[in-house]
Amino acid sequence: ADVTVVMNGLPGAMGREVAAACLRRGMHLAPVALTGPGMPAEHVVDAGIPGGPVAVRLVPGPSSLDPEEGSPAEEAGRELAALAESLGPSGCIVCIDYTHPTAVASNGAWYARHNLPFVMGTTGGDRAALESALASPGAPACVIAPNMAKQIVAFQAGLERMARDFPGAFEGYTLRVTESHQATKADTSGTAKAISQSLAALAADGTFSETSIERVRDPEAQVAGAPDSPGAYGRLNPVPEGDLNGHAFHTYALSSADGTVEFQWRHNVRGRRVYAEGTADAALFLAGKVREGVRGRTYSMVDILEEGGMQ
């Protein structure tokens, strides 16, 4: 069955990586997609597979929750809705969003308005407005997750269950979280926020919040890392210089009050391919649900993992 992906976020690094992953997995790219302000009018995706490069026309995304009729984004939405109709029961269109936190709410409303199922890989932004746009039972099915890498998803789900089954098991321990990403990442890691919630529940720490997470965006600090000793940042493995523009190094530590016991969890990812392949899994999973007639349902990557939908 045909799956056509609308790769919103080209020509960004994640957009390019995910588009190539989808092509490698046998999906097609829609001829038009949303982009940000000041971006080129076209991007060519070359996945190095038979069939050659694919050109995608780029239009600026909606600038508000209710953009003007006839705007480029609205015209693109109608074009894609017509394409979805023409594909018939064996075909399906799925949008993938790796844009910018400021675009999350307006893009979510755009997907709902044009009945376009979507995978939201963009983190941050106005999540309440995004949820509001999807509140109708007739809203398109979607996948929303802070992380698309199945191994990290499994790790995150395991900690959530641990916190649910053994709340307060680490009561009295101090939680410290450090996350390092490329300097262009505008928000605090959604994965770090989600995992921190579970660890804070284990520590019975009601004061730990997003602002407690130590964000590292300075390349010099990333290359230097932070060894297991007091420093500007808590525990951080050094980032190779070649990965400064695409990495996710996280360290989570729970330390006893007297300093004699410490538990650490680390996940260090270089590059973007693991996220891109997981996003392709999510697109195929969502396409299957759409063909089943599912509407008004928001899936997580844990749902996909539990249903065996990740390769």
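Start by selecting Glu74, which is buried, with a relative accessible area of 4%. The model on screen is predicted.

**Stop 1: Glu74 and its partner**

Now add Arg113. Its side chain forms a salt bridge with Glu74, and the closest N and O atoms are 2.9 Å apart. The two sit in distant parts of the chain: Arg113 belongs to helix H3, Glu74 to helix H2, and 39 residues separate them. Arg113 counts as partly exposed because its relative accessibility is 33%.

**Stop 2: helix H3**

Select residues 104–113, which make up H3. How many of the 10 residues of H3 are buried? Eight are, so the helix is mostly covered by the cut-off of under 20% relative accessible area. Colour the buried set: Val104, Ala105, Ser106, Asn107, Gly108, Ala109, Trp110 and Tyr111.

Next, show what lies over them. The cover includes strands S1, S3 (32–35), S6 (91–97) and S7. Helices H2 (72–87) and H4 (127–133) are also part of the cover.

**Stop 3: rings**

Stay in H3 and display the rings of Trp110 and Tyr111. The whole structure holds eight aromatic pairs. In the Trp110–Tyr111 pair, the ring centres are 5.5 Å apart and the planes meet at 70°, so the pair is edge-to-face. Both Trp110 and Tyr111 are buried.

Jump to Phe170 and Tyr173. Their ring centres are 5.4 Å apart with planes at 85°, so this pair is edge-to-face. Is Phe170 buried or exposed? Phe170 counts as buried, at 10% relative accessibility. Tyr173 counts as partly exposed, at 21%. Add Phe263 and Trp265 to the selection: ring pairs link these two with Phe170 and Tyr173 into a cluster.

**Stop 4: two positive phi angles**

Some background for the backbone stops: most residues other than glycine have a negative phi, and most peptide bonds are trans.

Go to Asn115, just after H3. Asn115 is not a glycine, yet its phi is positive, at about 55°. Asn115 sits in the loop that runs from H3 to strand S7 (118–120). With 39% relative accessibility, Asn115 counts as partly exposed.

Then select Ala204. Phi here is near 55°, again a positive value in a residue other than glycine. Ala204 is in the loop between helix H6 (190–202) and strand S10 (214–216). Ala204 counts as partly exposed, at 47% relative accessibility.

**Stop 5: Glu210 and Lys193**

Keep the H6–S10 loop in view and select Glu210 with Lys193. Their side chains meet in a salt bridge, 3.8 Å from N to O. Glu210 lies in the loop and Lys193 in H6, so the pair ties together parts that are 17 residues apart in sequence. Glu210 counts as partly exposed, at 43% relative accessibility. Lys193 is partly exposed, with a relative accessible area of 23%.

**Stop 6: Asp243 and Arg270**

Select these two next. Asp243 and Arg270 form a salt bridge, and their closest N and O atoms are 2.6 Å apart. The pair links distant parts of the chain, 27 residues apart: Asp243 is in the loop between helix H7 (219–224) and strand S11 (247–255), Arg270 in strand S12. Which partner is buried? Asp243 is, at 14% relative accessibility. Arg270 counts as exposed, at 57%.

Widen the view to Arg24, Arg25, Arg273, Glu277 and Asp281. Salt bridges with shared partners join these five residues into one network. Across the structure there are 17 salt bridges.

**Stop 7: Arg272**

Select Arg272, in the loop between S12 (262–270) and helix H8 (273–291). Arg272 is buried and has no salt bridge. Which side chain of opposite charge is nearest to Arg272? It is Glu17, 6.0 Å away. That distance falls outside the 4 Å cut-off for a salt bridge. Leaving aside residues up to four places away in sequence, Arg272 touches Ala13, Met14, Glu17, Gln182, Asn245 and Gly246.

**Stop 8: a cis bond**

Finish at Leu10 and Pro11. The peptide bond between them is cis, with omega near 5°. Pro11 is in the loop between S1 (2–8) and helix H1 (13–24).

Notes: Residues are numbered from 1 along each chain as its sequence is written. This is a predicted model: local features need pLDDT of at least 70, side-chain atom pairs count only at pLDDT 80 or more; totals for chains, interfaces and linings use all residues. Side-chain values use heavy atoms; hydrogens and water are left out. Helices (H or I, at least four residues) and strands (E, at least two) are DSSP runs, numbered from the N terminus. Buried means under 20% relative accessible area, exposed over 50%, partly exposed in between (1.4 Å probe, protein chains only). Lys and Arg count as positive and Asp and Glu as negative; His and the chain ends are not counted. Contact means heavy atoms within 4.5 Å. Rings of Phe, Tyr and Trp (its six-membered ring) pair if their centres lie within 6.5 Å; planes under 30 degrees apart count as stacked, over 60 as edge-to-face and the rest as tilted.
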